[in-house]
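The following paragraphs are meant to be read with the model open alongside them. They start from the interior, go on to the helices that pack there, and end with the backbone geometry of particular loops and with the cysteines.

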Amino acid sequence: MLLSPSAKSLWAKKTNHDGEELWLPLIAHLIDTKNVINYLYNHWLDDGQRAVLAQGIGNDTARQLAEFLGFFHDIGKATPAFQTKHSYNNDNLLDNELIEQLMRCGFNSLDDFHPSQRSKSPHAIAGETILEHLGLNNSVGAIIGGHHGKPAHKYFRFESQINDYTSNYFQSDHNVNLKNDWRKVQQELVKYGCNLTKFASLDDIPDINEPQAVLYEGLLIMADWLASSEFIDKDHSLELFPLISLDKHFDDLNMTERYQRAILNWDQSGHWNAQPINDVQEHYQKRWGFNPRSVQELMSRRIAKITDPGMLIIEAPMGIGKTEIALTAVEQLAFSSGRTGFFMGLPTQATTNAMFNRVNKWLKSIATESRTNLPIKLMHGKAQFNEEMQKLPHAENVGDAGSVVINSWFSGKKSILTDFVIGTIDHLLLMGLKQKHLFLRHLGLSGKVVVIDEIHAYDTYMSSYLKKSLEWLGSYHVPVIALSATLPKEKRKELIESYYRGKYGKKVHDQNVDWENTESYPLLTYMDGKQIKQMDNFKSDGVRNNVAIHRFIGSNDELIQQIVDSIEDGGVAGVVVNTVKRSQEIAKLLPDNVPLIVLHSAFLAPDRADLEKKVQSYIGKNAKRPNKLVVIGTQVLEQSLDIDFDILFTDIAPMDLILQRIGRLHRHKINRPKKLVKPQVYILGIESPRDYGEANEDIYEKYWLIKTDHFLPDTITLPDDISKLVQDVYDSETDQQIEGIQDSKHDEQVVVKKEVQKARAYQIGRPKLKNTSSVVGDNSIHGWLDRSKQGADLSDITAEASVRDIKESIEVILLQHTNHGDYLLDGRNIQDISDKEIAQQLIRLPNAITPNINKSIVSLENITTKYYSNWQDSVWLKGMIALPLDDELQTEFNNYHISYSKSLGLSYERIN
């Protein structure tokens with residue numbers, strides 16, 4: 001089918017670059033995007049994603065529908081409202097030349113058209129309106145309307161657009177000839193597009209369900225962004241889909257060559273095809289260089305037999321090697337489910353960095369074995385400073401196959417689309433938050449096996465987002481692996497039920513096992529199709545640790561004496577407390593002759609990284625341990641760090657967290673000082689019966705502290721007692737054993753209800769699995785992101801705060817400002833170091849210091865402009881704000897005295 005000159009004269013993009021006037025015909029961009037999305041469907045999506053998209057409509061139709069969306073996504077630009085828009089750089093000459101070209105091709109009087117309500121019909125909405133007006137169902141039409149990241153509102157009706165803003169679509173409300181010119185070209189493009197994508201008409205386009213629409217929307221956004229990329233990166237190293245000079249036209253383009261060159265330049269890395277694991281012992285040797293433990297081997301063998309994987313929950317003791325089980329399962333489930341990627345979510349940036357190094361080695365083994373370059377991405381707020389990631393080569397610079405690489409195109413909002421991603425748990429929880437371009441996150445995660453580490457570590461608010469994310473992962477049939485050493489059975493039940501409901505659209509029923517109430521340990525709970533199964537018959541490895549529990553009641557001075565006495569003959573004492581301020585107070589009291597490391601969140605990013613390395617080098621696996629050492633820290637010590645204390649002092653906390661902390665006690669098989677051969681734990685913060693101090697009760701609900709205190713025995717046998725103690729505390733049936741707990745229980749229930757309600761305010765709904773129809777009340781994605789979280793689209797900090805229920809905080813660069821110049825806090829003059837290294841000197845200010853965050857930001861911006869105005873010209877420092885300290889590393893801000901110490905971190909005291 002040949003196109004008319006009028007159809008070929010429409011423009012999609014225009015700009016003036018370095019004095020050269022450039023444009024791209026609309027038909028060229030539509031075909032580019034059609035070609036790109038076809039490639040992505042066939043070669044970038046994996047078998048699992050294609051299976052979801054093909055449900056109810058078949059493989060061929062699903063692929064055709066992708067092409068249809070690619071071609072028609074920008075048909076809304078075939079309107080006078082769009083074609084008369086000014087160029088972004090207000091190049092009047094370019095604008096006029098394109099208007100004249102349109103008029104020469106039959107669009108009369110277009111130079112006199114100046115719509116007053118142009119903004120009411122943005123081209124995405126205009127495209128949906130045109131197509132639905134001509135007969136397209138709205139389950140697909142809504143995708144066209146939402147391809148710029150947010151679909152039309154819940155009550156959108158195309159009839160209102162046509163009736164209220166007729167001239168936006170047809171140049172006039174009354175002139176029949178002008179209206180017919182636009183109707184003719186729009187209908188011509190529809191006929192051409194249907195013919196190109198092998199649909200007889202718009203009536204043949206199938207209805208699809210909501211999860212399918214979300215994935216198609218994500219795929220369309222990705223395809224549009226790719227087809228709109230002129231180069232692969234800012235350096236213009238590889239050309240993708242460039243604009244053409246104004247003297248060239250659509251007929252001058254070879255669309256096939258253009259597409260093939262772009263794809264070859266873009267798809268630089270390879271793709272993973274997981275292979276079956278036939279010999280578990282051989283696999284562990286190959287990947288990690290050791291034979292699996294009994295629990296590892298038995299779980300891996302059972303996981304290999306799952307034919308229709310869903311959610312798996314691995315409950316096993318600290319230090320037993322759950323990560324190796326999980327990564328083995330990733331390979332097994334990727335093979336059985338047709339996935340080609342992997343996401344691992346962890347609680348903190350520190351644990352994410354540590355895991356990135358382990359996963360990178362695992363992935364390198366796979367890449368070498370398969371002779372394929374595999375792309376990886378680290379995702380958290382300071383990922384750009386991670387040394388391990390900085391060492392990785394860019395895909396376009398790697399010739400030999402078998403490397404782990406960075407793909408330059410996958411950055412910013414596109415990062416989650418990278419095949420292998422390790423990030424903080426926020427990037428999974430954000431699946432449930434209403435924010436623009438959420439479709440890309442769903443698309444990225446739908447093609448991966450998902451691993452969630454430390455799944456017990458998330459509070460009620462975060463768990464609400466976690467359950468919503470699991471529902472959607474279930475709707476995409478994504479295998480999910482959850483890891484925990486201390487999981488309450490009620491949480492196990494919630495996780496499985498959320499995933500099951502998302503996958504099957506109904507509650508769990510007709511199970512042959514009482515999987516909800518099992519207290520066996522270790523335990524593997526897993527879905528195979530609709531069946532929920534468990535494995536608990538594990539052989540004991542014979543290792544048992546009897547840990548003596550002492551309740552310590554005394555002053556800080558008495559605590560210090562107890563710590564010093566415990567290691568007088570040598571040893572490493574770990575002190576885990578619940579607040580940064582308490583860790584600093586205790587550290588200041590320790591005698592100068594006792595070696596000390598303090599580790600918490602209130603350190604500069606480089607200092608904290610150095611401290612983590614130092615701790616690992618002293619008391620990590622195979623470390624050369626010092627004769628004597630005290631490590632004082634907060635909750636950062638309880639999560640995923642492979643460290644070993646000879647004796648442990650810990651503030652009271654909920655039972656599962658205490659057990660996690662105990663997991664850092666006598667973790668490795670090494671020789672101990674004579675006094676510390678038997679593991680001992682001192683529980684701090686119990687000031688009197690049911691009085692745990694204001695600070696502890698501000699962090700943890702008193703109800704959980706009372707129950708933990710009640711059920712905590714004088715001796716804990718590890719690993720045998722782990723599950724029983726956790727279930728005793730978290731099972732509401734045990735409340736009756738504790739007299740007078742009802743008031744605390746009521747307070748806790750009030751908090752939980754409030755947290756759940758608050759979390760739901762900006763959450764997307766549950767996935768609707770039934771296919772839609774084009775009637776009022778349909779299941780299209782109209783309104784899917786209505787009432788989005790304000791600011792979450794623009795700020796990672798706002799988004800993170802939204803899923804963690806934390807106040808937004810300010811991150812500043814700490815520097816020393818003196819009469820002699822400006823320095824890093826280690827004494828180096830900032831004129832002698834790179835902007836990148838300056839940008840790493842970040843620390844997050846406590847919320848107490850910045851009660852009015854907007855006012856505080858303005859104050860800090862004024863300080864930054866005064867001392868560091870040149871930062872706005874720096875790629876690394878633009879937009880950063882500074883808090884300068886004086887010669888003594890102190891300052892006053894917002895009526896607080898603030899100081900920094902390399903050994904203690906950031907401290908603050910109210911001035912009056």
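A nonpolar core is taken here as a set of buried Ala, Val, Leu, Ile, Met, Phe, Trp, Tyr and Cys residues joined through side-chain atoms within 4.5 Å. In this model, which is predicted rather than determined by experiment, the largest such core has 137 residues, and the members that touch the most other members are W266 and M311. When residues up to four places away in sequence are not counted, W266 touches Y39, L40 and W44, then M222, L226, I232 and L240, and finally N407, W409 and F410. A second core, separate from the one just described, holds 88 residues, among them L648, F649, L712 and L889.

One of the residues that W266 touches, M222, also takes part in the contact that helix α12 makes with helix α20, and this pair of helices is a convenient next stop. Helix α20 spans residues 438-446 and is mostly covered, since nine of its nine residues are buried. The buried residues are L438, F439, L440, R441, H442, L443, G444, L445 and S446, so that the charged side chain of R441 is counted among them along with the leucines. Helix α12, which covers residues 210-227, packs against α20 with the two axes 8 Å apart and at an angle of about 105°. Because angles of 65 to 115 degrees count as roughly perpendicular, α12 and α20 are described as roughly perpendicular to each other. From α12 the contact draws on V214, L215, E217, G218, L219, I221, M222 and W225, and from α20 on F439, L440, H442, L443 and S446. Sorted by class, the residues of this contact are nine nonpolar, three polar and one charged.

A second crossing of helices can be followed between α28, at residues 702-711, and α30, at residues 742-760, where the axes come within 8 Å and cross at roughly 135°. That angle lies outside the range for a perpendicular pair and is not over 145, the limit for a roughly antiparallel one, and α28 and α30 are therefore oblique to each other. Here K702, Y703, W704 and I706 of α28 meet S744, K745 and E748 of α30, and the residues of the contact divide into three nonpolar, one polar and three charged.

Helix α7, at residues 123-133, is likewise mostly covered, with ten of its eleven residues buried. Those buried residues are H123, A124, I125, A126, G127, E128, T129, I130, L131 and E132, and what covers them includes α4 (59-72), α5 (80-83), α8 (138-145), α9 (158-164), α10 and α11. Just after α7, G135 takes a positive phi of about 120°.

Helix α17, residues 349-370, contains L363, which has a relative accessibility of 0% and therefore counts as buried. Apart from neighbours within four places in sequence, L363 is in contact with L374, I376, V404 and F420. The C-alpha atoms of L363 and N397, by comparison, are separated by 19 Å, with the two positions 34 residues apart along the chain.

Turning to the backbone, most residues other than glycine have a negative phi, and most peptide bonds are trans. Against that background, Q171 has a positive phi of about 75° although it is not a glycine, and R371, also a residue other than glycine, has a phi near 50°. Where do these two residues lie? Q171 is in the loop between α10 (166-170) and α11 (176-196), whereas R371 is in the loop between α17 and β6 (374-379). Q171, at 8% relative accessibility, counts as buried, while R371, at 58%, counts as exposed.

The peptide bond from Y521 to P522 is cis, with omega near -5°, and P522 is placed in the loop between α22 (489-504) and β11 (523-528). A cis peptide bond also joins L718 and P719, with omega about 5°, and P719 is found in the loop between β19 (715-718) and α29 (722-730).

The cysteines complete the tour. A disulfide is a covalent bond between the sulfur atoms of two cysteines. With a pair of cysteine sulfur atoms required to lie within 2.5 Å, the count comes to zero disulfides. C105 is partly exposed at 28% relative accessibility, whereas C194, with a relative accessible area of 3%, is buried.

Terms used:
Residues are numbered from 1 along each chain as its sequence is written. This is a predicted model: local features need pLDDT of at least 70, side-chain atom pairs count only at pLDDT 80 or more; totals for chains, interfaces and linings use all residues. Side-chain values use heavy atoms; hydrogens and water are left out. Buried means under 20% relative accessible area, exposed over 50%, partly exposed in between (1.4 Å probe, protein chains only). Contact means heavy atoms within 4.5 Å. Helices (H or I, at least four residues) and strands (E, at least two) are DSSP runs, numbered from the N terminus. Axes are lines fitted to C-alpha atoms, for helices over the stretch in contact, and angles run from 0 to 180 degrees between N-to-C directions. Angles under 35 degrees count as roughly parallel, over 145 as roughly antiparallel, 65 to 115 as roughly perpendicular and the rest as oblique.
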